[in-house]
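Work through the following exercises with the sequence and the model at hand. Each task is followed by a solution that proceeds in steps.

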Amino acid sequence: MIYLTLGDNYSGIYASQVIGVCKYLNTISSKPVRLISFIAIPLYRDNRKKIKAAYPEAIVLPAVPKVRNWALNYYLLRMVLWFIPEKRIMARGPFASLISQRLKKVGLVDHVIMDGRGAVHAEWNEYPVVNDKRLVAKSFELEKQAVLGSDFRLGVSHKLKDYWTREFQYSGGEHVVVPCTLNKAFIDQTYDVSTIAQRKAQRGYAPEDVIIIYSGSTAGWQSIQSVDGILTSLMEAQDNVHVLFLSRIELERLTCYQKFPDRVKKDWLKPHEVFEVLTIGDYGVLIRESSVTNEVASPTKFGEYLAAGLRVLISPGIGDYSEMVKSSNLGKLVKTHSVLQYLPPTETDEKLRMRAFALKHFSKSSYREAYLKILGKDKTASTQKILSKP
């Protein structure tokens, strides 16, 4: 099988959700998965080096400039596929799926699986992701064709599948639901609770400090202003609360930093360093505004927080996860304008329970049946993989 990505740059998410998936598929398939990645020309050399280092079998190609010219990448890919006998292609996102559907029409591909990561039309209209009004105007029909024209679909949440049904009238059963799963490093690294106090001390924290960690970008859907307000109110009420941003965020713009500069820190880590730092925390932040983008999402950081032993502060209506937090007692539901007064530390037994839950529900091997269906290896597998009940 071929796994096709278009315009996705190498990152921790790419390493986990693209390369990590390819590596896992290789363990359950008799033939290795061929990764083909199109990268924007200005970023091509650096990304090619990183992708090839992580997955030597990958073919990394320069993408035609500008998002609106996405369809032109079809011609280079068509030439490449003359030399690759694979007929099954999993395409990440709607544009890669549409290109794959065109390849099917000329007989170079016979089965297209759309790897749906979110609601692209909604995201582009809710947030300033793409500065091209014509393309944004066309995004609904393009995404609809990508979903309905594919032979099979992977959705990262049941809410995304519901979105396809509601917006595009998708009514088939040819899909699986697989959330954003954990990077292998989060599973393989030793989780030693006896060293957490030592790690906290090394970073300047006292044993009684309650550490709240925000990991991720500052994109619009991350709702940083709401996060800032909630953290500020909590720090005003509870003087042993400290906040650590694992982000490139500008702390000086945050009220919580302006008021409590000695209790707010930030760091930017390499992907393999994140797990160890997360383990010193008590809570992970996943507070976002109400939007379709967030309603259908499957944030990678959710499983990562749990795997590191953190309870999660999450807004209502975040993919399938808000209900999961409520039903399995994995943290606290926090509305975007909430005022928090107190958060207890996450005790050792709770940290171990969070990690056990993550390993059970967010390891790639937990979705073996769904991945076999994608590979076309398991004709009897259920097409709707549901997150196991705890």
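**Exercise 1.** Determine in which sense strands β5 and β6 pair, and over how many bridges.

Solution. Begin with the strands themselves, which, like the helices, are DSSP runs numbered from the N terminus (E, at least two residues, for strands; H or I, at least four, for helices). Strand β5 covers residues 111-116 and strand β6 covers residues 152-155, and the two pair in the parallel sense over four bridges, where pairing requires that DSSP find at least two bridges between two strands. Within this pair, Met 114 stands opposite Arg 153 in β6. The model is a predicted one, in which local features need pLDDT of at least 70 and side-chain atom pairs count only at pLDDT 80 or more, while totals for chains, interfaces and linings use all residues. Residues are numbered from 1 along each chain as its sequence is written, and side-chain values use heavy atoms, with hydrogens and water left out.

**Exercise 2.** Place β5 and β6 in their sheet, and state which strands form its edges.

Solution. The sheet is open and has seven strands, in the order β3-β2-β1-β4-β5-β6-β7, with parallel pairing. Its edge strands are β3 (59-63) and β7 (175-177), each of which pairs on one side only. From one strand to the next the twist averages 20 degrees, the axes being lines fitted to C-alpha atoms (for helices over the stretch in contact) and the angles running from 0 to 180 degrees between N-to-C directions.

**Exercise 3.** Describe the open sheet of six strands, and explain why one side of each edge strand has no neighbour in the sheet.

Solution. The order here is β10-β9-β8-β11-β12-β13, and the pairing is parallel. Because β10 (264-267) and β13 (331-333) each have a single partner strand, one side of each is left without a neighbour in the sheet. Neighbouring strands of this sheet are turned by 25 degrees against each other on average, direction ignored. At the β10 edge, strand β9 (residues 241-246) and β10 pair in the parallel sense over four bridges, and Phe 245 stands opposite Lys 266 in β10.

**Exercise 4.** Find the partner of Lys 50 in a salt bridge, and relate the two residues to their helix.

Solution. A salt bridge is a side-chain nitrogen of Lys or Arg within 4 Å of a carboxyl oxygen of Asp or Glu, and a search of the whole structure finds 14 of them. Lys 50 forms one with Asp 46, the closest N and O atoms being 3.2 Å apart. Both belong to helix α2 (residues 44-54), where they are four residues apart and therefore separated by about one helical turn.

**Exercise 5.** Which helix supplies the largest share of the lining of the second largest pocket?

Solution. A pocket is an open set of points on a 1 Å grid over the protein atoms alone, with protein on both sides within 12 Å along at least five of seven lines, and its lining residues have an atom within 4 Å of a point. Of the 18 residues that line the second largest pocket, the closest to its centre are Ala 15, Gly 20, Lys 23, Asn 183 and Lys 184. Helices α1 (12-28) and α8 (184-188) each supply at least two lining residues, and the largest share, seven residues, comes from α1.

Technical notes. On a 1 Å grid over the protein atoms alone, a cavity is a set of points where a 1.4 Å probe fits but cannot get out, and a pocket is an open set with protein on both sides within 12 Å along at least five of seven lines; lining residues have an atom within 4 Å of a point.
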